[in-house]
Amino acid sequence: MGRARRSAGGGLHCCLAFLFKFLAFLQAFAAVSALLYAAWILSRWARHHHLHLQDLLPDLWFVCALMAAGLFYCLLLLAGCVAAEINSPCFLCFYTILAVVMMLLEAALAADLFFNKHWIQDLPYDRTGELDNLLSFIQTNLDLCKWAALAIVATQALSLLLATILRSMLSTPSADYDSDEDFVVIRRPLLVAQGAPAYLPTTADTRGFHPDLWSSRMRHKYGLNSSNYTYNTLDPNAPPPQ
């Protein structure tokens, strides 16, 4: 029963870890897409302008923000996959903290976009013009973007839930033995039978002397059996019986 219970718990843990890594793989598409989009913007900008590091901020702030978000998301997913692979509660706790921080930032951004009607004027000017192109694409495909954002948020929430469950399963100590069937109990008699020696060594000494073998040979030599071998306990000086 104990072994079956542990095997069932291990199977459940493997299924949850596989589902967690699968969700992380799906989220990796969004992270890699953000990085590729930022790299495409930089390469397009470098074709017509001299790209210098001092020009990234504040002129190319949109590209920097997009790249930072993609890198953070990739590192978060990598930490989650490593934690699920090596079964480390520390890595899972680290992933959980980062996932909560990211979801709080996303919630704050969504709240600002919903309640602030003039959020576009609050943004600095983007010299690349890709921010305007992105906003026009979102307005044209508003329903598709809503469903995509909802799917990403739902996947993040489910991944966070799975990470919490896996961390709790790893943190909970399990008993080594759940029943008497999982280990062998070696019982010794409380009372030594009459005529049996008080000490029965089971291993040979360093000189290769086997006491059990020697005792059996002596019994065979003098023709003793288990019934008349009790003379040792009654009279040690008595001669061996014929």
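## An all-helical predicted model

The cysteine pairing rule gives a count of 0 disulfides for this chain. Cys 14 is in no disulfide, and its nearest cysteine sulfur, on Cys 15, lies 6.9 Å away. A disulfide needs two cysteine sulfur atoms within 2.5 Å, so a 6.9 Å separation does not qualify. Cys 14 counts as exposed, at 53% relative accessibility. Cys 74 counts as partly exposed, at 23%. The model is predicted, not experimental.

### Overall build

The protein chain holds 8 helices and 0 strands. From the N terminus, its elements read α-α-α-α-α-α-α-α. The chain has 242 residues, and 23% of them are buried. Its accessible surface is about 17,800 Å². Carbon and sulfur atoms account for 67% of that surface.

Contacts often span long stretches of sequence. Take those between residues at least 6 apart: 74% of them join residues at least 24 apart.

### Annotated spans

An unreviewed UniProt entry lists residues 12-40, 60-84, 91-115 and 147-166 under "transmembrane region". Two of these spans are set out below, with values computed from the model.

| Span | End-to-end C-alpha distance | Helix | Strand |
|---|---|---|---|
| Residues 60-84 | 37 Å | 96% | 0% |
| Residues 91-115 | 36 Å | 100% | 0% |

Helix α3 covers residues 89-115, 27 residues in total. From its first C-alpha to its last it reaches 39 Å. That is close to the 39 Å expected at 1.5 Å a residue. Buried positions in α3 are Leu 92, Tyr 95, Thr 96, Leu 98, Ala 99 and Met 102.

### The nonpolar cores

Which residues of the largest nonpolar core touch the most other members? They are Phe 20, Tyr 73, Leu 76 and Tyr 95, out of 20 residues in that core. Four elements give two or more residues to this core: α1 (2-48), α2 (61-86), α3 and α6 (142-171). The most come from α1, which gives 6 residues.

Leu 76 shows the packing in detail. Leaving out residues up to four places away in sequence, Leu 76 touches Tyr 95, Leu 98, Ala 99 and Met 102. Those four partners are also among the buried residues of α3.

Apart from the largest core lies another, of 12 residues. Its members include Ala 38, Ile 41, Leu 42 and Leu 66.

### Ala 34 and Gly 70

Ala 34 sits in helix α1. Is Ala 34 buried or exposed? It counts as buried, because its relative accessibility of 16% falls under the 20% cut-off. Leu 66 and Gly 70 both touch Ala 34, with residues up to four places away in sequence not counted. Ala 34 and Gly 70 are 36 residues apart in sequence. In space, their C-alpha atoms are 5.3 Å apart.

### Two buried polar residues in α6

Ser 159 lies in helix α6. Its relative accessible area is 0%, so Ser 159 is buried. Which residues contact Ser 159, leaving aside neighbours within four places in sequence? The contacts are Phe 20, Leu 23, Gln 27 and Tyr 95. Phe 20 and Tyr 95 also appear among the residues that touch the most other members of the largest core.

Gln 156 is in helix α6 as well. With a relative accessible area of 3%, Gln 156 is buried too. Its contacts, not counting residues up to four places away in sequence, are Gln 27, Tyr 73, Met 102, Met 103 and Glu 106. Gln 27 thus touches both Gln 156 and Ser 159. Met 102 and Tyr 73 recur from the cores section: Met 102 is a contact of Leu 76, and Tyr 73 belongs to the largest core.

### A positive phi in the α2-α3 loop

Asn 87 lies in the loop between α2 and α3. Its phi is near 55°, a positive value in a residue other than glycine. Most residues other than glycine have a negative phi. Asn 87 is partly exposed, with a relative accessible area of 36%.

Terms used: Residues are numbered from 1 along each chain as its sequence is written. This is a predicted model: local features need pLDDT of at least 70, side-chain atom pairs count only at pLDDT 80 or more; totals for chains, interfaces and linings use all residues. Side-chain values use heavy atoms; hydrogens and water are left out. Buried means under 20% relative accessible area, exposed over 50%, partly exposed in between (1.4 Å probe, protein chains only). Contact means heavy atoms within 4.5 Å. Accessible areas come from the Shrake-Rupley method with a 1.4 Å probe; for residues, only the protein chains shown count as cover. UniProt positions are given in the numbering used here, feature names are shortened, and annotations may be inferred rather than shown by experiment. The expected span of a helix is 1.5 Å times one less than its number of residues. A nonpolar core is a set of buried Ala, Val, Leu, Ile, Met, Phe, Trp, Tyr and Cys residues joined through side-chain atoms within 4.5 Å.
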